[in-house]
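Let's take a walk through this model together. Have your viewer open and follow along from part to part.

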Amino acid sequence: MPADASSADTLFRRITDYANRADPYPLYAELREHKVARQEDGKYLVGTYDEIAALLHDPRVSSDLRNRAEPDPSIMPPEGPPPSFIGRDDPEHDRLRRLAMRPFGPPHSPGRIDALRGDIARISGQLADGLRGKSSFDLVDDFAFPLPVTVICDLLGVPSEDIPQVHTWADTVVSGLDFPPDEDPGARRHAAYEARSAMGQYLGELAEKRRHSPTDDMLSALANEDGPEGALTQQELMVTTVLLLIAGHETTVNLITNGMLTLLRNPEALERLRAEPELIPSAVEELLRYEPPVQFLPQRTPLADIEVAGVTIPKGVPLILVLAAGSRDPLRFPDPDRFDPARRDNQHFGFGSGIHNCFGAPLARLETQIALTTLINLLDGPRLLKDPPEYRNSPVLRGPRHLLLGQGKH
Amino acid sequence: MPGEARGARRDGRIVIVGASLAGLRAAETLRDEGFEGELTLVGDEPQLPYDRPPLSKLVLLGKAGAEDCGLPARRPIDARWRLGVPASGVDAAGKSVVLADGERLPFDRLLIATGTRARPWPVPGEAALEGVFTLRTSADAGRLVAALDAGPRRVLVIGAGFTGSEVASACRERGLEVTVAERGRAPLIGALGGTVGDWATRLQRAHGVDLRCGVTVTALTSAGGRLTGAEFSDGSRIEADVAVVCLGAVRNTEWLADSGLAAGPRGVACDAGCRVFTMYGIVTDDVFVAGDVARFPHPLFEYQLIALEHWGNAVAQAEIAAHNMIAPGPLRRPHLAVPSFWSGQFGLNIKSVGVPTFSDQVVIAQGSPEERRLVAVYGYRGRITAAVTVNRAKWLEHYRRLIESAAPFPPGPGAADHLADLEPVPSDVPDPRVLTHGPTVALTGHLPDRRLTLVRHDG
C-alpha cells in the first residue's frame, strides 16, 4: 500500500519538509492525536505532554546514538571523538556536565550568570543604538545573532578578533544538523564534521594557553580545574567547549527573534509588556512554550522495550520527542495556541526536562529578558516587513534566517 | 467558568490556626480562588511565616541569618494576623476558636494547620541547662547558631534522623567535633530503612562524626547550670558544651483535646478532602486540616492514615484544603500527592518520593554507593512504593510515576546507569519505637487494641 501523504506514518517527513517550516503547529496537533506515531522508516514520534515528560525522565531512554540498533552514519560519523555530554548517558554524562558546570553555575559558581547582567545590557544597548534611525533592518543579523555570540565568546574566553571565524564554524556545524530536502547530505555533513574538528582544535589550543596564563573566563577555569574529581581531559575539554559555544550561538538567537516576531504578531501583548515590564520574565517563559528554539529531540533511543500510551516502542529504534508539540498540548495548557505573556503554571519543554535539561538555560533566559526589554524600549513603532519571514533550514533549531523590521513613520 | 461559581462559598469568616507554610499557602489559595470574606491567621510565634528547611542547613552554616528565612508573600491575602498568641481551644458547636488571651474568633470554616514542635528532652531539669537546644523554630536556630559560633569543643547530637544528621553535618562542615547518639542501629534508619542506614553510617564516620548507634543518653551532666557532657547506656561518657536534642516532633493537638474532633498525639484525622473527623469518625464539613498535623488516608498506602512532616506535603495539602473550603461538593478534590522530601547533609543531596518505610525490599536501581550517586527503589509485596536518590534527584519523577501506577518491584532492566547489578534485599524498616528520633512519616493506621466508647449526652 503506498504511503498516504496525510497518514500518521509520514508525519516526520512532513514536519521536516521545509515547506512547513513557517507553521509546523498543525502537524504537531495531528501528532498529538496519535500520542505515539510510528513512522514509515521505523522512527517513533511522541508529541503529547505527559508521554514526553515520562520519556524525558525515564532512565531507559538513552541520548547516546551508539545505542541505536542501526547506526545512522548521517548524524553520527563513525570516526571522530566521542560525543559531548548532550549525547552521553549517566554516569559519564553526569561527570562531564558536572565538571562543565563548575565554572558556570551553582553550587560552585552561583553568581556567574547574574554577574553578566551589566555586560548583556551594555551590548544590547549598543546594538539597539545602531538600529536607531534606520527605517528598516534585519533583526537577526543586526541584533539577535551578535548579542548571544558576543556574550558566549566573552564568557568562554574567545578573543573578539576570532569571533568571525568561530561564527563561520558554528554556522557550518549547525547546517550539518539540517534536513535539506533536495540535496545530497554527505557534503554538508562532511563540512560540519570538519568545522567541528577545527573548532575543537582551536579551543583546545586556546585552553592550552590559558593553562599557563589563566584569565577570568570559563576556558581558563576548565583548563585549570583542580577539584576533587580532577579535570576534563584535553579531548573532553575540546568536545565540551565546542558544544557550549555552538549551543550558546544557535539557540538564543532564535529565541530572541521568535520573541520579537511573536510580539509583533500580538500587538496587545507588546503593549502590555511596555506597560508592565515586570511581566518580561513570564513572557520569556511563554515564548519558550509557544515558539521554542529547539522543536524536537531527534537523538533518543530506548534501551529496553518501553510502553508509552499503549504502544510498545522497541529497544534500539530512533525515538523523537517533539517538545514543541508537548508544550502546546491542550491537556496540559489551557488555550495552548494563545500567546499569554502572563501565563501561570507554565512548565514548558522549552529547555527540555530531566537530566539533559538545558545547561545554558539561565544564560538564555537572562539574555532574552534583557534583549526584549531593550528592543521594546528603544525601537520606534516596529513592524514586520515580511510575515512569515524566511526560515532557517533546520526543523530542530527552528527560527527565522532573517527578520526584516521597519520602524518610524511609514 | 459559570459551573465553578455555582454553590461556591466565597463569603463568610475563615479562621486559619497555624501561621507557617501550610497556613500561609492556604490563605493565598483561598484568595486566589476568589474567597472574599474575612480571613484571620493565628500563630503562636511572633513573626510572619518563615521557611524551616534552611534552619538546619544554611542557617547553621552561617550562610543565612535565622531571621532571613521569611516565606515570600506570593500575593496579598488581606488577612487579619493574630501572631504571638496560641489558640487554646475550639468550640465546635458555637463555631469559634478560643485564643490563649481569651479572645474568641467566630468562624464559618476553620483550617487547622498547627504543625508540630520539637520533642523536648524528657528530663526537664536537664532540658533547661545552658547549652541544651532543640531545633524547630527560627528562634531555636538563632540560639543554636550563636552557641556554635562560640566554638564549642564538642557538640552532642541526640537522635540521628534527618534533623540530627543535618545538624551533625553542619557542625562537621564548621570544623566542630561531633558525637551523634542514636538508639537505633544506624542513622536515618527510621525514614529509609537499615540498608540505606548502613550506608549513612559509613558516610557519617567518613566525615569524622563520632557516631554511636545502639546507645541511649542516660543523663546530661552539668556544672553550675551549664551542660558539661553526657552519659550513655553502654557506660561510656563524653564531655560536650552543646547538646542538640533531635528526638523528632510532637504534633500540636493538645489545644483540641476538648473539641470533640479526632485529634490526638498522632495528629488530626481527616478524609481525603482534608475534612476533619469528629472523635466518632463522622466527617465534619466546616473544619479542615493541612500540613504536619494532618493524618489522612492515602490510597497508595492501602488507605492507612498517614502523617507527613514534609514541606511539599504542607503546600499540596494546604492548597487542596483551601480549595475544598470554598468549592461546592462535586468540585472538591482529593489530596493524593505522592509524598516527597529532601535533605542536604555531608555534601549529598538526598531526595525521596513515596514512603520508604512502607516497604519490605529495596534495590539499587541506578548508580552505586561507591560513586556517591544512586537511586534506591523500595517495594512492598511486589510493587514499587518509594525511591530515594542520592545526588540523582532528576530521576525522581520517573519513580513517582511508577509508584502512582503501582508498577512491579523490582523495576525492569534497561537503565543506562544500572551499574551495581544487585538483587533486592530486605529494606529493614525498624519498629519506630526502637529509635531515638521519632519518624518523619507516621503510618498510623489505627491499632486493633484500641476501643472507642460512644458517649451519649442527655437531651
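What follows is a guided look at a predicted model, going from domains to the chain interface and then to individual side chains.

Start with chain B and how it is divided. Domain 1 takes in residues 2-52, 68-117 and 250-331, domain 2 covers 120-247, and domain 3 runs over 347-441. Look at the first two of these as a pair. Going by C-alpha atoms, the centres of domain 1 and domain 2 of chain B sit 33 Å apart. Where they touch, eight residues of domain 1 of chain B are in contact with four residues of domain 2 of chain B. As for area, about 490 Å² is buried between domain 1 and domain 2 of chain B, and 43% of that is on carbon and sulfur atoms. On the domain 1 side, Tyr50(B), Arg52(B) and Thr116(B) account for 54% of the area buried against domain 2 of chain B, more than any other three residues. How many salt bridges are there between domain 1 and domain 2 of chain B? The count is one. While you're in this chain, also pick out the salt bridge between Arg136(B) and Asp292(B), where the closest N and O atoms are 3.3 Å apart.

Now zoom out to the place where the two chains meet. The size of an interface is often given as the accessible area lost when the parts come together. For chain B and chain A that comes to about 1,600 Å², with carbon and sulfur atoms giving 56% of it. The contact draws on 17 residues from chain B and 20 residues from chain A. Which residues of chain B lose the most area to chain A? They are Lys394(B), Trp395(B) and Arg401(B), which together make up 37% of what the chain B side buries.

Charge is worth a look here too. Side chains of opposite charge can pair when their charged atoms come close. Six salt bridges are found across the interface of chain B and chain A, and the structure holds 68 over all chains. One to display is Asp90(A) with Arg392(B), whose closest N and O atoms are 3.7 Å apart. That pair doesn't stand alone: Asp90(A) and Arg392(B) belong to a network of salt bridges that also links Asp94(A), Arg98(A), Glu229(A), Glu371(B), Arg373(B) and Asp417(B).

Back inside chain B, a couple of salt bridges connect separate elements. Take Glu28(B) and Arg74(B), which meet at 3.1 Å, N to O. This pair links distant parts of the chain: Glu28(B) is in helix H2 (residues 21-32) of chain B, while Arg74(B) is in the loop between strand S2 (38-43) and strand S3 (80-83), 46 residues apart. Are the two partners buried or exposed? Glu28(B) is buried, at a relative accessible area of 1%, whereas Arg74(B) is partly exposed at 46%.

The second pair is Asp285(B) with Arg275(B), again a salt bridge, with the closest N and O atoms 3.1 Å apart. Asp285(B) lies in strand S21 of chain B and Arg275(B) in strand S20 of chain B, so this bridge ties together parts ten residues apart in sequence. Asp285(B) is partly exposed at 36% relative accessibility, and Arg275(B) is partly exposed at 21%.

Stay by those strands for a moment. The loop between strand S20 (275-277) and strand S21 (283-289) of chain B holds Met279(B), which is partly exposed with a relative accessible area of 37%. Together with Tyr280(B) and Ile282(B), Met279(B) makes a nonpolar surface patch of about 270 Å².

For a buried residue, try Thr40(B) in strand S2 of chain B. Thr40(B) has a relative accessible area of 8%, so it counts as buried. Who surrounds this side of the strand? Setting aside neighbours within four places in sequence, Thr40(B) is in contact with Ile14(B), Val15(B), Ile16(B), Arg80(B), Arg82(B) and Leu105(B).Finish in chain A. Lys134(A) forms a salt bridge with Asp142(A), the closest N and O atoms being 3.9 Å apart. Lys134(A) is partly exposed at 36% relative accessible area, and Asp142(A) is partly exposed at 27%. Elsewhere in chain A, Asp17(A) sits in the loop between helix H1 (11-16) and helix H2 (25-34) and counts as partly exposed, at 33% relative accessibility.

Definitions and conventions: Residues are numbered from 1 along each chain as its sequence is written. Chains are lettered from A and ligands numbered from 1 in the order in which they are written. This is a predicted model: local features need pLDDT of at least 70, side-chain atom pairs count only at pLDDT 80 or more; totals for chains, interfaces and linings use all residues. Side-chain values use heavy atoms; hydrogens and water are left out. Patches are made of residues with over 30% relative accessible area and no salt bridge: like charges are joined within 9 Å, nonpolar side chains (Val, Leu, Ile, Met, Phe, Trp, Tyr) within 5 Å. Accessible areas come from the Shrake-Rupley method with a 1.4 Å probe; for residues, only the protein chains shown count as cover. A salt bridge is a side-chain nitrogen of Lys or Arg within 4 Å of a carboxyl oxygen of Asp or Glu. Helices (H or I, at least four residues) and strands (E, at least two) are DSSP runs, numbered from the N terminus. Buried means under 20% relative accessible area, exposed over 50%, partly exposed in between (1.4 Å probe, protein chains only). Domain bounds come from an automatic or database domain assignment. Contact means heavy atoms within 4.5 Å. Buried area is the accessible area (1.4 Å probe) that two parts lose on being put together, summed over both.
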